[in-house]
There are 2 protein chains.
Amino acid sequence: MTQAPNRRTAVETLRWVGDERGYLVLIDQTRLPLELVERECRDVETVWEAIKELRVRGAPAIGIAAAYGVVLGLQSAALSQSSALGARLEEVIAYLAKSRPTAVNLFWALDRMRAKGTALLAQSASGNFLGGLLAEARAIHEEDRAICRAIGRYGAELLAVGGGVLTHCNAGGLATAEYGTALSVFFTCQDQGKRLHVFVDETRPLLQGARLTAWELAQRGIEATLICDNMAGQVMREGKVQAVVVGADRIAANGDTANKIGTYSVAVLAAAHGIPFYVAAPTTTFDLAIDSGEQIPIEQRSREEITHGFGRQTAPDGIAVYNPAFDVTPARLIKAIITERGVIEPVSRETIQAAIGPTKRRT
Amino acid sequence: MTQAPNRRTAVETLRWVGDERGYLVLIDQTRLPLELVERECRDVETVWEAIKELRVRGAPAIGIAAAYGVVLGLQSAALSQSSALGARLEEVIAYLAKSRPTAVNLFWALDRMRAKGTALLAQSASGNFLGGLLAEARAIHEEDRAICRAIGRYGAELLAVGGGVLTHCNAGGLATAEYGTALSVFFTCQDQGKRLHVFVDETRPLLQGARLTAWELAQRGIEATLICDNMAGQVMREGKVQAVVVGADRIAANGDTANKIGTYSVAVLAAAHGIPFYVAAPTTTFDLAIDSGEQIPIEQRSREEITHGFGRQTAPDGIAVYNPAFDVTPARLIKAIITERGVIEPVSRETIQAAIGPTKRRT
């Protein structure tokens, strides 16, 4: 672990150091906002733990981390044996796929790494196997930067005059390679000179809004006000919010969207106040193999996240807890989905099919 | 401060020790659920601080504490001088009225103590002045017990078969003399053999749900599940909740209801899921001098409650915070108001006027 300089301006969520025998460095997001600490991942197990424990989180960033994780997992394999390499590749992919169940970008990135690895092995290019895998992981990483910028440009067109906006959890640079999805919309508005005021849901239980989104907005000098999740309805009622923009972890073929727990409540509240509710996500977040939100698996997390949030017990011993990490917002509550290919509006099976194309394979 | 025995079964939120020269003892609710600690209040300043810092909270309990606070504030007065007593009475009442601005029961209790004190002085009964004030405070205290029991009986009729219910904040025995308002409904259902499962919003920022409601339900062996506030929509969507019951801090003449921040969001979510939303409150919570919720003053609390809520800083330095202690749920979202005199349904200016009677004076 190395202490990164505090004066850095751009958030570098993940970076690969060295050649194909190198390693991954990521910001340990559990330490923010008080400490900007980087964590070195020199084996696939450390990547798995970083994803599981939310040191790296956000659907696109999880995908990128997993892609680099595949490279790390293959470094120790005997590169001369093509059949062993293929088996090890599948083993590493299966292992990383079990780190978190909901974000589809994880499976998408692993699928890409498998396809690349399989192609390399078919070419008998085992001498360049690791280098080829690293190139693919780097490509996923670089593509995500461009995707986030494009999402920001399309989204900023929807916020023509700026104003008050609300977001939930963190769909920022920390959730992606850089710039983010929902926050990319805000950053692009700022670049265009539109004045925004962002209301940030703190996002219990793990406070990604308070710890990460508030921090990113402050780093870029965007006006922001932190609220508890249960205050979102009140700020909407007071007329302070003209739009809601959130990220996504998985979007079904009909537009139902899994995102951080609490997103659904925000969408219901937005609808009740006539406020447009936007989802910003790369097309890799769509899972057209899943027909509707009811089929999206929802990760259940530990009770201690609620009963012992942040170092102190705040609930009686033995109390039962329900702690789903995500919920599903039905398509009918989503005014538009902002992707790198453009804005999908209205949100329906047909408009999504037209924008995204044929069904993709899943790990 | 004395450590109360952990095995006590009934919650004794407040108790007066001794005669009119005695003192008030209250449970320090900021220490729950890990420690059951009582705090002795031997002067009015300690009562004021206990209300301000939420050591005692909940609209009815604040009223009772303030009534005893008036007795404490007069103990040091020169009892032989009737004019000085009257001035000191007004001074103490004005002081206590500034402890918290939203709960109307505070002003109601202080009005009652003023009326009693004024009557005692008019009778030239200054010899028995303190004793008379204490009797009035004790009467307020005792009446609240009976009121809570009656609210429980009326409310239990609305939950004919038990089932899943949801509550926000703490409207329990700790918020009243005993038994509570919203929780009295659940306790009465339990007494009647109805099976309930209570979903408890943790209620950020001060976690009264996690710390107090979960504790009270556990003490009485009622099935309960703790959730973060942003999960209420999800449990409703999953069909786990058949009714919502909450308390109130002030109810306007048209039925608009101020209660703990987040209550309004719960009401909107309940409406969106077709779930009845009930308010349980004594008639002293009505403030007919206030025409609608827009005129209810909303207390704003400190930023640290959000940024340093769990004994650790969880938001970046300097971030702006919005921290209203209450919000207002419009009457149209409230299916019925459960009072000690019966159930007001539908909730309208007319039905409230009929149930509560003429406008009362305010401090």
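**Exercise 1. Salt bridges**

Find how many salt bridges there are over all chains, and follow the one between Glu345(A) and Lys335(A).

Solution. Step 1: apply the rule, by which a salt bridge is a side-chain nitrogen of Lys or Arg within 4 Å of a carboxyl oxygen of Asp or Glu. By this rule the count over all chains is 46. This is a predicted model, in which local features need pLDDT of at least 70, side-chain atom pairs count only at pLDDT 80 or more, and totals for chains, interfaces and linings use all residues. Residues are numbered from 1 along each chain as its sequence is written, chains are lettered from A and ligands numbered from 1 in the order in which they are written, and side-chain values use heavy atoms, with hydrogens and water left out.

Step 2: take the pair in chain A. The closest N and O atoms of Glu345(A) and Lys335(A) are 3.1 Å apart. Glu345(A) is in the loop between strand 16 (342-344) and helix 11 (349-356), while Lys335(A) is in the loop between strand 14 (326-329) and strand 15 (336-339), so the pair links distant parts of the chain, 10 residues apart. Helices (H or I, at least four residues) and strands (E, at least two) are DSSP runs, numbered from the N terminus.

Step 3: check the accessibility. Buried means under 20% relative accessible area, exposed over 50%, and partly exposed in between (1.4 Å probe, protein chains only). Glu345(A), at 39%, is therefore partly exposed, and Lys335(A), at 40%, is also partly exposed.

**Exercise 2. Salt bridges of helix 4**

Determine where the partners of Arg114(B) and Arg112(B) lie.

Solution. Step 1: Arg114(B) forms a salt bridge with Glu90(B), at 3.1 Å from N to O. Arg114(B) belongs to helix 4 (residues 104-122) and Glu90(B) to helix 3 (residues 82-97) of chain B, so the pair ties together parts 24 residues apart in sequence. Arg114(B) is buried at 13% relative accessibility, whereas Glu90(B), at 35%, is partly exposed.

Step 2: Arg112(B) meets Glu136(B) in a salt bridge of 3.0 Å, N to O. Here helix 4 is linked to helix 5 (residues 129-158) of chain B, across 24 residues. Both ends are buried: Arg112(B) has a relative accessible area of 19% and Glu136(B) one of 14%.

Step 3: in chain A, shared partners join Asp28(A), Arg39(A), Glu49(A) and Arg55(A) into one network of salt bridges.

**Exercise 3. A buried arginine**

Which side chain of opposite charge is nearest to Arg211(B), and how far away is it?

Solution. Step 1: Arg211(B) lies in helix 7 (residues 208-219) of chain B. Step 2: for charge, Lys and Arg count as positive and Asp and Glu as negative; His and the chain ends are not counted. The nearest opposite charge is Asp28(B), 7.1 Å away, and the buried Arg211(B) has no salt bridge.

Step 3: look for other partners. A polar atom of the Arg211(B) side chain is 2.5 Å from the backbone oxygen of Gln29(B). Contact means heavy atoms within 4.5 Å. Leaving aside neighbours within four places in sequence, the contacts of Arg211(B) include Thr314(A), Leu32(B) and Pro33(B).

**Exercise 4. Strands**

What is the strand order of the open sheet that holds strand 13 of chain A?

Solution. Step 1: two strands pair if DSSP finds at least two bridges between them. Step 2: the eight strands run in the order 13(A)-7(B)-6(B)-5(B)-8(B)-11(B)-15(B)-16(B), with mixed pairing. Strand 13 (320-321) of chain A and strand 16 (342-344) of chain B are the edges, each pairing on one side only.

Step 3: strand 6 (residues 196-201) and strand 7 (residues 224-227) of chain B run parallel and are joined by four bridges. In this pairing Val198(B) stands opposite Ala224(B).

**Exercise 5. The two copies**

Find the rotation that superposes chain B on chain A.

Solution. Step 1: superpose by least squares on the C-alpha atoms of residues with pLDDT of at least 70 in both copies. The rotation is 180°, with 0.0 Å of shift along its axis and an RMSD of 0.1 Å. The two copies are thus related as by a two-fold rotation axis. In chain B, Phe310(B) has the C-alpha nearest the axis, 2.0 Å from it.

Step 2: of the interface residues of chain B, 100% are also interface residues in chain A, so the copies meet through the same surface.

Technical notes
Polar contact = N/O pair within 3.5 Å; in protein donor to acceptor, adjacent residues only side chain to side chain.
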